[in-house]
Amino acid sequence: LRRNLKFSKATEKEAARALAQVEQLQAELGVAQSAAESANESAEAARREAETARAREDQRAKRFNHVQAMHKSEKVRLETRLKELEAQTLTQHATLAAAE
C-alpha cells in the first residue's frame, strides 16, 4: 500500500510537471503565433506601400512622357513657324531688291 502511495505521488508529480510543460508550450505557441501575425501584417503593409510607390512612379513617368511629347510638338511647331518667317523674309527681300 505504501509503495502504491509513493508510486501514485510520483505519478502525480510527473503529471503536474507534464501539465506545466504543456502550459508553457501553449504560452510559447501563443507568443509565436502573435509574432507570426505581426510579421504577416508588416509584410502586407510593406507590400501595399511598394504597390503605392510603384503606382506613383508610373504616374510620374506618364506625366513626364506627356510633358516631353508636348515640348517636342511645340518645338516642331516653332521650327516650322521659323522656316515660314524666314521664307517670308527672303521673299520680301527679293521683292524689295527687284523694286530697286
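How many helical turns separate Glu57 and Arg60 in helix α1? About one turn lies between Glu57 and Arg60, because the two are three residues apart in that helix. The legends below walk you through this pair and its surroundings in a predicted model.

**Figure 1. The whole chain, built on one helix.** Let's start with the overview: the chain has one helix and zero strands. Its radius of gyration is 43 Å, well over the 13 Å that the globule rule gives for 100 residues, so the chain is more spread out than a compact globule. Along the principal axes, the C-alpha atoms fill a box of roughly 145 × 10 × 10 Å. Helix α1 itself covers residues 2–99.

**Figure 2. The surface and charges of the chain.** If you are looking for buried residues here, note that 0% of the 100 residues count as buried. The chain exposes about 9,500 Å², and carbon and sulfur atoms supply 58% of that area. There are 18 positive and 16 negative charges, and their mean positions are 10 Å apart. A search of the whole structure finds six salt bridges, and the close-ups of Figures 3 to 5 visit some of them.

**Figure 3. Glu57 and Arg60, the pair from the opening question.** A salt bridge joins Glu57 to Arg60, with 2.8 Å between the closest N and O atoms. Is Glu57 buried, exposed or partly exposed? Glu57 is partly exposed, because its relative accessible area is 40%, a value that falls between the 20% limit for buried and the 50% limit for exposed. Arg60 is also partly exposed, with a relative accessible area of 40%.

**Figure 4. Arg47 and Glu44, part of a network.** Here the closest N and O atoms of the salt bridge between Arg47 and Glu44 are 2.5 Å apart. Both residues lie in helix α1, three residues apart, about one turn of the helix. At 39% relative accessibility, Arg47 counts as partly exposed, and Glu44, at 32%, counts as partly exposed too. Keep Arg48 and Glu51 in the frame as well: Glu44, Arg47, Arg48 and Glu51 are linked in a network of salt bridges.

**Figure 5. Glu74 and Arg77, another bridged pair on helix α1.** Glu74 forms a salt bridge with Arg77, and the closest N and O atoms are 2.8 Å apart. The two residues sit three residues apart in helix α1, about one turn of the helix. With 35% relative accessibility, Glu74 counts as partly exposed. Arg77, at 47%, likewise counts as partly exposed.

**Figure 6. Distances along the helix, from Thr11 and from Glu74.** Thr11 is found in helix α1 and is partly exposed, with a relative accessible area of 38%. How far is the C-alpha atom of Thr11 separated from that of Glu57? These two C-alpha atoms are separated by 68 Å, and the residues are 46 residues apart along the chain. For a second pair, take Glu74, which is found in helix α1, and Val31. Glu74 and Val31 are 43 residues apart in sequence and, C-alpha to C-alpha, 64 Å apart in space.

Conventions
Residues are numbered from 1 along each chain as its sequence is written. This is a predicted model: local features need pLDDT of at least 70, side-chain atom pairs count only at pLDDT 80 or more; totals for chains, interfaces and linings use all residues. Side-chain values use heavy atoms; hydrogens and water are left out. Helices (H or I, at least four residues) and strands (E, at least two) are DSSP runs, numbered from the N terminus. The radius of gyration is taken over C-alpha atoms; the globule rule is 2.2 Å times the number of residues to the power 0.38. Buried means under 20% relative accessible area, exposed over 50%, partly exposed in between (1.4 Å probe, protein chains only). Accessible areas come from the Shrake-Rupley method with a 1.4 Å probe; for residues, only the protein chains shown count as cover. Lys and Arg count as positive and Asp and Glu as negative; His and the chain ends are not counted. The place of a charge is taken as NZ of Lys, CZ of Arg, CG of Asp or CD of Glu. A salt bridge is a side-chain nitrogen of Lys or Arg within 4 Å of a carboxyl oxygen of Asp or Glu.
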